[in-house]
Amino acid sequence: MAENWKGVHDPDNIQEGYFTGLMNSCGYRIKDLRKPIIGIANSYTDVNPGHRSFGELVKFVKEGIWSAGGVPGEFNVPAPCDGMAQGTGMHYILPQRDLIAASIESMANAHGFDGLVFLCSCDKIVPGMLMAAAALNKPCLFLTAGSMVPYEAEEGTYVTPDLKESIGARNIDKISEETYTRYRENICFSCGTCSMYGTANTMGVFAEVIGLCPIDSTTMLFCSAAKNRQARDVGERIVQLVKENVRFSDIVTESSLINGLRHVAATGGSTNAQLHICALARVMGIKLDMGDFDQIQQHVPCIAKFKPSSQYNIYDYYKAGGVGATLKAIQQYLDLDARLAMGGTLGEFLSAFKRKVNAEIIHSVEDPLYPDGSFAVLYGNLAPNGCIVKKSGVVPEMFHHRGPAVCFDSEDDLRKFMADRAVKPGSVLVIRYEGPKGGPGMREMSIPAAMLVGMGLHTSCAMVTDGRYSGATRGPCIGHVSPEAWDGGPIAAVQDGDMIEIDIDNHTIHLEVSEEEIVSRLAKIRRPDRPVKGALAAYRSAVEGVDKGCVWLYGDEQ
């Protein structure tokens, strides 16, 4: 046991009488306060299926903490659902990542917890909590809720992205109102994280791979008995980590961060991982921008992909061998000496891994889906600082596309255009002033991208935006265009009818307009009148670019 693991609050210190008395009023005894006090950052909420089960799951974590000789102290943070926030609410989603991180950092330091358990599942909550863990550098463990139960209908199995894509299908009368209503009522079948490899599950699995979360926490069903047992294990283990003084920085290093990034690329994860991993690296003091992200990810083969980029959902992933199987498949690309907070090293875990693997779902590196990662960062006169596409979600015939631009200055304008069925095959839909500052908030074009698929246009049309997409987007959807239009990026100069050429294999995106004409157009551009106040005004004034992960509360040290 390490010495001096106890934090700032010692109940035997006469000057800590105020703290001791107030904790006594909450039901804690003086002898309890001599034990490791474990803060539980719980993101439970009634209005997010990925987080609703934490109301019960936290009880098992607390049982584990008490049984191991620790003392639990639960507090709460926001847990927005990206799916529910589509449209106007999406302005407030990405900004909350840093708010969640800062609120946890503030609460944990104010109360002097000796260690922390983070309960998180969804898109901005997992990366926000990772950033908080890095900033605090205390002993910590993560636990995700587990995945949603798929909807088993007579005609097939459905999960959340199928509901999104049905919006487009209903818009062109491809499905009936009766079918659409049945989908709305049943596809989101239970609590748990949506059973797709979107941002939530990408970042949950990332937390497992970098060593902070039990393996398969994210892919197992939320309602399994194994999840409750896992929660007890986490509660017990965090007390031991505190007593041994094993901190975040002892587990998560630059090497383990690279392990996590490579695994994201090998499994066809979310493009939003670029923002969140770069942001986490920023908090850790590690240089990692969009170009670095691309260089790292393209040196590992993509050996699996899941809904909506394939027919397999997240529970299929679990049954096929889970995260251990995908790690085993790419182990030659990983640092096997990386530590796992639950005990041992990554190499030791993989040496003991014995689960049967479904080779139809999880390929070998000798038979990859793609030889060079699942993303492509593109550069050109439309995106001098880069933009990103999830190539594992693009059909091969759209790896190269040339078409006329159709321009929109907001997602709202695009949605109306699509609802009117005005999209023509071959088009390149350009959505701008949706970047971190322009939106503000860098909204995701989740519904429009899904509608494009539902309308059958993802094999003939592309989307390009300085905003972003859902991690569960498929099709030639290119996001994170940098510089953004609000900052005078060339995307602001595009006009209807301009030809745009996209070449994923060659990592290029080109606006067929001369540099002189682009400069001339930009000189005449005026930003849309888009005033904001409150949190969004603060965000717009402080947020950094996509290269640095869109951080706004975690920039350079002061």
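**Close-up views of a predicted model**

At 0% relative accessibility, tyrosine 317 counts as buried. This residue opens our tour of the structure, which is a predicted model.

**View 1. Tyrosine 317 and tyrosine 197 meet edge-to-face.**
The ring centres of tyrosine 197 and tyrosine 317 are 6.2 Å apart, with 85 degrees between the planes. Tyrosine 197 is buried too, with a relative accessible area of 1%. Look for tyrosine 197 in the loop between helix H7 (177–186) and helix H8 (199–209), and for tyrosine 317 in helix H14 (residues 314–319); the pair therefore ties together parts that are 120 residues apart in sequence.

**View 2. Other aromatic rings also find partners.**
Across the whole structure, a search finds 13 aromatic pairs. Ring pairs also join Tyr151, Tyr158, Tyr183 and Phe189 into a cluster.

**View 3. Two arginines sit over aromatic rings.**
Arginine 355 lies over the face of tyrosine 318, 4.7 Å from the ring centre. In a second example, the charged end of arginine 540 is placed over the ring of tryptophan 486, at 4.1 Å from its centre.

**View 4. Domain 1 and domain 3 are in contact.**
It helps to know the parts of the chain here: domain 1 (35–149 + 190–352), domain 2 (150–189) and domain 3 (376–548). The C-alpha centres of domain 1 and domain 3 are 29 Å apart. At the contact, 36 residues of domain 1 meet 37 residues of domain 3.

**View 5. The largest nonpolar core has 116 residues.**
Ile104, Phe118, Met129, Leu130 and Ile277 are the residues with the most contacts inside this core. Helix H5 (residues 125–136) is the element that gives the most to the core, with nine residues. Both domain 1 (35–149 + 190–352) and domain 3 (376–548) give residues to the core, so it lies between them. A second, separate core has 33 residues, among them Phe399, Tyr433, Ile502 and Val513.

**View 6. Leucine 130 and its contacts.**
Which residues are in contact with leucine 130, leaving aside its neighbours within four places in sequence? They are Phe142, Met203, Phe206, Ala207, Ile210, Leu212, Phe248 and Leu280.

**View 7. Valine 551 is a buried residue after helix H20.**
Valine 551 lies in the segment that follows helix H20 (535–542). With a relative accessibility of 1%, valine 551 counts as buried. Setting aside neighbours within four places in sequence, the contacts of valine 551 are Arg97, Asp98, Met131, Ala279, Arg282, Ala542, Val543 and Glu544. Valine 551 and proline 127 are 424 residues apart in sequence, while their C-alpha atoms are 11 Å apart in space.

**View 8. Cysteines without disulfides.**
How many disulfides does a search of the whole structure find? The search finds zero. For cysteine 213, the closest cysteine sulfur is that of cysteine 120, at 7.1 Å, which is too far for a bond. Cysteine 461 is in no disulfide either, and the nearest cysteine sulfur, in cysteine 477, is 10 Å away. Are these two cysteines, 213 and 461, buried or exposed? Cysteine 213 is buried, with a relative accessible area of 4%, and cysteine 461 is buried at 0%.

How values were computed:
Residues numbered from 1 in each chain as written. Predicted model: local features only at pLDDT ≥ 70, side-chain atom pairs only at ≥ 80, totals over all residues. Heavy atoms only, no water. Core = buried A, V, L, I, M, F, W, Y, C linked by side-chain atoms within 4.5 Å. Buried < 20%, exposed > 50% of the residue type's maximum accessible area, 1.4 Å probe, protein only. Helix = DSSP H or I, 4+ residues; strand = E, 2+ residues; numbered from the N terminus. Domains from an automatic or database assignment. Contact = heavy atoms within 4.5 Å. Disulfide = S-S within 2.5 Å. Phe/Tyr/Trp six-rings, centres within 6.5 Å; stacked < 30°, edge-to-face > 60°. Lys NZ or Arg CZ within 6 Å of the ring centre and 35° of its normal.
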